[in-house]
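Hi,

Here is the structure I promised to pass on to you. Have a look at it first, and then read my notes below.

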Amino acid sequence: MSKKRWQVFPGKNRFFCGGRILMAKQINVFFVTLVLLLGVCTLFFIFDSQYLCAQVHWTVPVIAGVLLAFTLLFLFRTSFSDPGILPRASGDEALFNDRGADNNVDIHENSTQTRNPPRTKDVLVRGETVKLKYCFTCKIFRPPRASHCSMCDNCIERFDHHCPWVGNCVGKRNYKYFYLMIFTITLLCIYILTFSIAHIVMLSQEKEESTLITAMSETPASVIEALIAFFAVWSVLGLAGFHSYLAGTNQTTNEEIKGSWAQRHGEVVRNPYTTKNCCTNFSKILCGPAYNSLLRLREDKNQEKRDMDEVRKKIEKLLLDREHNLSQAPWKTVHHLNGAPVDPRDLQTHISRTPTPS
């Protein structure tokens with residue numbers, strides 16, 4: 001039985017559910033994220049929600065549940081999806097790229113003529129020169145904004161960064177879900193921190209002899225929630241602010257760290273992808289289309305070869321039919337054209353010049 005593409009995939013990835021779920025090789029930190037998120041929320045629902053529902057409002061645990069549901073949805077969508085992996089060149093394509101696109105160079109395996117491909121190509125994007133770098137691992141010229149992730153060993157389209165907390169790369173296909181996850185988890189941390197502290201304060205005010213210390217001893221789970229949420233909120237809040245800046249200026253983390261659009265040697269380098277309108281940049285990222293994966297992981301690994309063979313057979317059949325039709329043409333008895341002998345089948349190049357016999 002022939003293997004599927006995901007079973008012979010060359011990158012450093014893990015696959016689950018028959019190739020439907022794709023993650024990085026190292027996913028231990030992802031489980032830490034999941035345990036912290038579910039652990040804190042579980043403590044909140046068990047030890048805080050009943051009291052707050054009775055003393056404040058019944059919507060308090062409902063809102064927490066909605067925020068948790070959206071956070072998990074965006075987390076799983078970011079972690080389990082293809083971030084925008086570019087397929088590697090295979091067969092003649094890789095050989096062609098390795099030996100150069102020179103018509104005088106034989107690209108077959110028995111050829112001894114080789115030359116290293118150029119490392120970069122310059123293309124114009126909205127009037128700005130952007131370099132396409134050649135990837136010697138994937139054997140392709142990476143499109144603009146793509147980069148090779150050393151952790152996953154793949155070229156990622158619109159590469160942002162590799163995030164161990166979600167166990168995957170963040171790129172063109174999952175960046176908006178990553179941003180929405182950060183936004184919802186920030187709201188969730190602030191929400192749990194606020195109401196866990198409110199629970200402690202309200203307990204301390206129920207009795208005259210009660211103090212904050214006695215209230216904390218009565219509900220230690222609220223103290224744990226508040227501590228975890230307090231330290232987490234600064235990280236995710238800063239991350240949310242940073243990615244809001246990137247989304248507003250239509251940049252990636254990779255471009256910001258490398259200074260791709262920073263001023264160099266006194267020359268101003270314009271970002272060709274930004275619209276110079278924060279709202280438009282946000283809408284392009286958050287409301288943009290859902291891009292299809294280029295990997296086709298669940299197809300048979302030889303499906304592409306079979307498709308090419310089928311196309312080749314159709315082309316050969318068309319050529320044979322054309323040759324047969326030319327051999328049956330009314331000018332097949334003509335043996336000379338302009339004084340020179342001509343094979344009747346070669347007359348197709350002179351159809352526009354040769355009058356049809358009456």
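Let's start with a cysteine: Cys41 is buried, with a relative accessible area of 3%. Before going further, please keep in mind that this is a predicted model.

Does burial go along with a sulfur partner here, or what do we find? Cys41 is in no disulfide, and the nearest cysteine sulfur, that of Cys189, is 8.3 Å away. A disulfide needs two cysteine sulfur atoms within 2.5 Å, so a pair 8.3 Å apart does not count. Cys279 is exposed, at 59% relative accessible area. Cys279 is in no disulfide either, with the sulfur of Cys278 the nearest one at 5.5 Å. Over the whole model, the count of disulfides is zero.

Now zoom out for a moment. The protein has 358 residues, and 40% of them are buried. Its secondary structure comes to nine helices and 11 strands. If you take the contacts between residues at least 6 apart in sequence, 58% of them join residues at least 24 apart. On the outside, the accessible surface is about 21500 Å², and carbon and sulfur atoms account for 60% of that.

Next, the inside. The largest nonpolar core is made of 44 residues, and the ones with the most contacts inside it are Leu37, Phe44, Leu75, Phe178, Met181 and Leu188. Which elements supply at least two residues each to this core? They are strand S2 (21-24) and five helices, listed here with their residue ranges:

- H1 (28-55)
- H2 (59-79)
- H4 (175-204)
- H6 (220-249)
- H8 (278-286)

H4 gives the largest share, 14 residues. A separate core has 12 residues, including Leu22, Ala24, Cys169 and Leu297.

Phe178 is a good residue to click on. If you skip its neighbours within four places in sequence, Phe178 is in contact with Thr78, His161, Cys163, Val166, Val170, Leu239 and His243.

While you are looking at H6, find Gly241, which sits in that helix. Gly241 is partly exposed, at 41% relative accessibility. In sequence Gly241 and Phe183 are 58 residues apart, while their C-alpha atoms are 9.2 Å apart in space.

Then go to the loop between strands S8 (161-163) and S9 (168-170), where you will find Pro164. Is Pro164 buried, exposed or partly exposed? It is partly exposed, with 36% relative accessibility. Pro164 and Ile27 are 137 residues apart along the chain, yet 7.0 Å apart from C-alpha to C-alpha. Leaving out neighbours within four places in sequence, Pro164 is in contact with Val29 and Phe30.

Trp165 is in the loop between S8 and S9 too, and at 48% relative accessibility Trp165 counts as partly exposed. Trp165 also belongs to a nonpolar surface patch of about 500 Å², together with Val29, Val32, Leu36, Ile224 and Ile228. Which elements give two or more residues to the patch? The answer is H1 and H6, and H1 gives the most, with three residues. Val29 turns up twice in this tour: as a contact of Pro164 and as a member of the patch.

Have fun exploring!

Definitions and conventions
Residues are numbered from 1 along each chain as its sequence is written. This is a predicted model: local features need pLDDT of at least 70, side-chain atom pairs count only at pLDDT 80 or more; totals for chains, interfaces and linings use all residues. Side-chain values use heavy atoms; hydrogens and water are left out. Buried means under 20% relative accessible area, exposed over 50%, partly exposed in between (1.4 Å probe, protein chains only). A nonpolar core is a set of buried Ala, Val, Leu, Ile, Met, Phe, Trp, Tyr and Cys residues joined through side-chain atoms within 4.5 Å. Helices (H or I, at least four residues) and strands (E, at least two) are DSSP runs, numbered from the N terminus. Contact means heavy atoms within 4.5 Å. Patches are made of residues with over 30% relative accessible area and no salt bridge: like charges are joined within 9 Å, nonpolar side chains (Val, Leu, Ile, Met, Phe, Trp, Tyr) within 5 Å. Accessible areas come from the Shrake-Rupley method with a 1.4 Å probe; for residues, only the protein chains shown count as cover. A salt bridge is a side-chain nitrogen of Lys or Arg within 4 Å of a carboxyl oxygen of Asp or Glu.
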